[in-house]
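Visitor: I would like a close look at a single part of this structure, with enough of its surroundings to place that part in the whole. Please take your time over it.

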Amino acid sequence: MVIAASTGGTISITTIPAPTESALLTVAHTGTGSRVIIESGLSTTPGTGTVTSIPTTTATGPGRNGAVSGGATIIPTTEALRSVFSGLQSGVRLPQTVLFPPERIHLNWTQQFKVGAGLENVGNTCYLNSALQCLTYTPPFANYMLSQEHSATCKKLGFCMMCTMQAHISKVFKRSGDTISPVEVLAVLNLIANHFHHGRQEDAHEFLQCTLEAMQESCLAESKFDRETQETTFIHQVFGGQLRSRIKCLNCQAVSDTFETFLNILLEIKTVSDVSTALEQFVRPEILGGPDAYSCSSCKKMVTAIKSLTIHRSTNVLTLVLKRFDICAGEKINKDVRYPEYLDLYPFMSETQEKPLVYRLYAVLVHYGRSSHSGHYFCYIKASDGQWYRMNDNSVIITDIQSVLAKQAYVLFYIK
Ligand SMILES: [Zn+2]
Ligand SMILES: [Zn+2]
């Protein structure tokens with residue numbers, strides 16, 4: 001075990017806890033004496049994949065459990081380390097294999113293309129056209145699709161949404177300046193969303209979600225993988241992140257973490273006027289008490305607890321969906337919600353993340369009208385030449401960032 005100590009701020013400890021895993025422990029201390037918080041990030045041995053972090057474990061008191069003396073030297077004891085690694089074992093599990101190595105994701109365009117073709121509206125297909133255009137201008141997604149690597153290595157039997165998207169995106173860039181019909185996607189619409197009907201206006205976000213799920217299935221190609229491995233596909237490496245839900249017992253201070261993968265984040269907008277406030281609201285801690293009291297497995301009591309949600313593993317592509325459609329009321333929230341070109345996600349993350357964590361806007365999907373099943377969808381995208389365009393079915397028009405930021409967005413696409 002190697003311990004690196006310092007006199008203030010963050011202290012790093014590197015240790016090899018088990019033959020199959022190597023871990024990086026970060027020990028941060030608050031104040032000057034009595035409390036040490038041990039956090040750890042885990043990286044697997046080369047070739048077995050990546051797990052970025054595990055739950056935080058708290059060790060307290062001078063002289064025991066990772067003692068601190070005057071904020072200067074931290075010597076974690078076996079007991080403290082054991083508590084960290086028991087959290088490690090119950091918290092985040094390692095994938096058995098990595099289906100798509102994250103280092104193969106290119107977040108910037110690897111080639112410059114003229115802006116692609118417009119998409120013909122084939123009877124209320126603006127929801128589909130606008131979602132497809134946003135995906136088409138997602139650089140890591142387009143880079144991979146245009147390399148044709150997927151079809152060359154595809155193992156999916158029968159219908160494959162990755163092959164379908166590859167054919168569509170390739171055609172979009174081949175037919176720059178033209179209008180094409182999204183026939184490949186329309187032909188498989190009932191396979192990816194069997195409740196959708198040709199000729200009927202559908203929800204663009206729902207279509208997007210169904211498309212991502214179908215592509216995820218293609219990446220898995222009928223094989224059986226453990227859940228952690230399923231989250232290492234190309235689709236998860238581009239769009240996927242992880243949320244941490246933490247419940248802290250206010251009686252015994254025990255902490256319980258659960259982790260959940262996401263491909264997009266849905267934000268409530270009823271009471272906010274900008275996206276950062278919506279994200280603040282998303283991570284605002286909630287008290288569980290009274291009728292919602294929490295059953296603590298540590299002190300075995302019904303207790304008051306604090307529940308907090310944070311983004312634990314950041315995504316490469318961050319898709320934020322503004323909840324404009326109130327299913328119960330059946331009404332759309334038609335209000336301006338401001339969004340920045342550059343968004344710092346750091347304030348909404350679990351504590352072990354880089355700072356700042358800046359994302360850049362590259363596509364905005366807009367809806368005009370009263371409900372998700374009526375009105376009109378179109379979008380704004382940033383092409384590989386850095387120019388913004390408005391994509392409104394077959395119309396492709398140059399625009400600028402000021403116009404893009406002035407819209408009533410429905411879905412926002414950011415990239416690291
Ligand atoms: Zn395929
Ligand atoms: Zn408790």
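Guide: What follows is a walk around one helix, and then outward to the core and the strands beyond.

The model is a predicted one, and the protein in it has 12 helices and 25 strands. Buried residues account for 38% of the 416 residues, and among contacts between residues at least 6 apart in sequence, 64% join residues at least 24 apart.

The part I would single out is helix H3, residues 139–146, which is largely enclosed by the rest of the structure because 7 of its 8 residues are buried. A residue counts as buried here if 20 or more other C-beta atoms lie within 10 Å of its own, and in H3 that description fits Pro139, Pro140, Phe141, Ala142, Asn143, Tyr144 and Met145. The surroundings of these buried residues are made up of both helices and strands, for they pack against helix H2 (126–136), helix H4 (149–153), helix H5 (161–174) and helix H10 (234–239), as well as against strand E17 (317–322) and strand E25 (409–415). Just after H3, Gln148 takes a positive phi of about 60°.

Among these neighbours, H5 can be described in more detail: the axes of H3 and H5 come within 9 Å and cross at roughly 95°, which makes H3 roughly perpendicular to H5. On the H3 side the contact is made by Ala142, Met145 and Leu146, and on the H5 side by Met165, Gln166, Ile169, Ser170 and Phe173.

Widening the view, the largest nonpolar core holds 73 residues, of which Ala131, Ala363, Leu365, Ile381 and Leu412 touch the most other members. Helix H8 (residues 204–220) gives the most to this core, with 8 residues, and the core draws at least three residues from each of domain 1 (104–242 + 304–415) and domain 2 (243–303). Leaving aside residues up to four places away in sequence, Leu365 touches Ser130, Ala131, Cys134, Ala204, Tyr377, Cys379, Ala409, Tyr410 and Val411. Another core, of 5 residues, lies apart from the largest one and includes Cys249, Tyr294, Cys296 and Val303.

A strand can be enclosed in a comparable way, and E23 (residues 388–392) is largely enclosed by the rest of the structure because 4 of its 5 residues are buried. Strand E22 (residues 376–382) pairs with E23 in the antiparallel sense over 4 bridges, with Lys382 having Trp388 of E23 as its bridge partner; the two strands form a hairpin with 5 residues between them, and Gly386 in the turn has a positive phi of about 85°. E23 is also joined by 5 bridges to strand E24 (residues 395–399), again running antiparallel, and there Tyr389 stands opposite Ile398. The hairpin of E23 and E24 has 2 residues between the strands, and Asp393 in its turn has a positive phi of about 50°.

Finally, an open sheet of 4 strands has the order E11-E10-E16-E13, with antiparallel pairing, and its edge strands, E11 (255–262) and E13 (286–288), each pair on one side only. Within this sheet, E10 (residues 241–249) is joined to E16 (residues 305–313) by 8 bridges, Lys248 standing opposite Ile306 in E16, while E10 and E11 likewise pair over 8 bridges, with Asp257 in E11 as the bridge partner of Arg246.

How values were computed: Residues numbered from 1 in each chain as written. Chains lettered and ligands numbered in written order. Predicted model: local features only at pLDDT ≥ 70, side-chain atom pairs only at ≥ 80, totals over all residues. Pairing = 2+ DSSP bridges. Core = buried A, V, L, I, M, F, W, Y, C linked by C-beta atoms within 7 Å. Buried ≥ 20, exposed ≤ 12 C-beta atoms within 10 Å, placed from the backbone. Domains from an automatic or database assignment. Contact = placed C-beta atoms within 7 Å. Axes fitted to C-alpha atoms, helices over the stretch in contact; angles between N-to-C directions. Parallel < 35°, antiparallel > 145°, perpendicular 65-115°, else oblique.
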